[in-house]
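The following exercises concern helix packing and aromatic ring pairs in a predicted model. Each task is followed by a worked solution.

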Amino acid sequence: MHFLHIDWNPSKGIDLSFFTLHYYSMMWIVAFILGFFIMKRIYKNENESNESLDSLFIYSVVGIMLGARLGHVIFYQPELFKEDFFSVFLPFSFKGGIHFTGFQGLASHGAAMAMIVSMYLYNKKVLKKSVLWILDRVVIPVASGAVFVRFGNFINSEIIGKPTNSDYGVVFTKLGEDFPRHPAQLYEAICYVFVFFILFYFYWKTKKSEQEGFLFGLFLVLLWTVRFFVEFVKEAQVEERATWALNTGQWLSIPFILIGLYFMFVYKPKSKLS
């Protein structure tokens, strides 16, 4: 087998007596655990308490998971609100009986919006600093988590790339195909590794963490620029939108990039009254 041509057909997870532990779910667990330890190091550097870190973990998990799920349903599968409403919020399908499915659709754009909201609430209730202070720091573990989420998509043979029309690529045999496609999920995962290290470098090795909003803006620009360009080699997730010049993911990425540029180069924090 040529190393640039891979036949890919892994199992979805580990079969237990009463349900299947999906590898995709495990990737989310790894993402949150790794993120917790990264933030623990950051909070230690900032002299923040472990109690506030524990609260941050809860706000992050609930907010990101709920936002990612709602984002997917709203942007890509709105019919679920009518056809199987409770599956929107629970990891079960209720059509034709109750079936454990895990959350089979999670959208990063929804997760990003929910992260901002959940960090606002966390800051207001627990941290009591500035919402940009926490956003400038939480984006570092979020970038690392994105790597594992995209690898989980690759394991699941979902969010697939377009055919390469050559010998290069990955054959997703689970989909009943015999031709290679771009491993778009891996393209994104690899790029997100660089996004993480860039943010990590700017936080630890420069004084940019003192410029309120800069790291948050840098995260938005880097991550959504990666997403924008990788989308060119992805299949449209909604067939009716396949003929659009830019797909849904790209249109949703543009506002995030613009907001990021604003926080990097335009935003000036309000001076506090003495």
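**Exercise 1.** Determine which residues of α4 are buried, and which helices they pack against.

*Solution.* Step 1: the buried residues of α4 are His109, Gly110, Ala111, Ala112, Ala114, Met115, Ser118, Met119, Tyr122, Asn123 and Leu127. Step 2: these buried residues pack against α1 (23–45), α2, α5, α7 (214–230) and α8 (248–265). Step 3: lysine 128 follows α4, and its phi is positive, near 60 degrees.

**Exercise 2.** Classify the mutual orientation of α2 and α4, and describe their contact.

*Solution.* Step 1: helix α2 spans residues 50–76 and helix α4 residues 108–127; they pack at an angle of about 150 degrees, and their axes are 7 Å apart. Step 2: angles over 145 degrees count as roughly antiparallel, and α2 and α4 are therefore roughly antiparallel to each other. Step 3: the crossing in which α2 passes α4 is right-handed. Step 4: on the α2 side the contact includes Ser52, Leu53, Tyr59, Gly63, Gly67, Gly71 and Phe75, while on the α4 side the participants include His109, Met113, Ser118, Tyr122, Lys125 and Val126. Step 5: by class, the contact of α2 with α4 comprises 14 nonpolar, nine polar and one charged residues.

**Exercise 3.** State how many aromatic pairs the structure holds, and classify the pair of phenylalanine 154 and phenylalanine 172.

*Solution.* Step 1: there are 23 aromatic pairs in the structure. Step 2: a pair of aromatic rings is described by the distance of the centres and the angle of the planes. Step 3: for phenylalanine 154 and phenylalanine 172 the ring centres are 6.0 Å apart and the planes stand at 75 degrees, so the pair is edge-to-face. Step 4: phenylalanine 154 belongs to helix α5 (residues 131–155) and phenylalanine 172 to strand β6 (residues 169–172), so this pair ties together parts that are 18 residues apart in sequence. Step 5: phenylalanine 154 and phenylalanine 172 are both buried.

**Exercise 4.** Classify the ring pair of phenylalanine 228 and phenylalanine 229, and decide whether phenylalanine 228 is buried or exposed. Do likewise for phenylalanine 229.

*Solution.* Step 1: the ring centres of phenylalanine 228 and phenylalanine 229 are 5.4 Å apart and the planes are at 80 degrees, so the pair is edge-to-face. Step 2: phenylalanine 228 has 16% relative accessibility and therefore counts as buried. Step 3: phenylalanine 229, with a relative accessible area of 52%, is exposed.

**Exercise 5.** Identify the residues that ring pairs link into a cluster.

*Solution.* The cluster linked by ring pairs consists of Trp28, Phe32, Phe36, Phe37 and Phe57.

How values were computed: Residues numbered from 1 in each chain as written. Predicted model: local features only at pLDDT ≥ 70, side-chain atom pairs only at ≥ 80, totals over all residues. Heavy atoms only, no water. Axes fitted to C-alpha atoms, helices over the stretch in contact; angles between N-to-C directions. Helix = DSSP H or I, 4+ residues; strand = E, 2+ residues; numbered from the N terminus. Parallel < 35°, antiparallel > 145°, perpendicular 65-115°, else oblique. Left-handed = near helix turned anticlockwise from the far one by under 90°. Contact = heavy atoms within 4.5 Å. Nonpolar A, V, L, I, M, F, W, Y, C, P; charged D, E, K, R; others polar. Phe/Tyr/Trp six-rings, centres within 6.5 Å; stacked < 30°, edge-to-face > 60°. Buried < 20%, exposed > 50% of the residue type's maximum accessible area, 1.4 Å probe, protein only.
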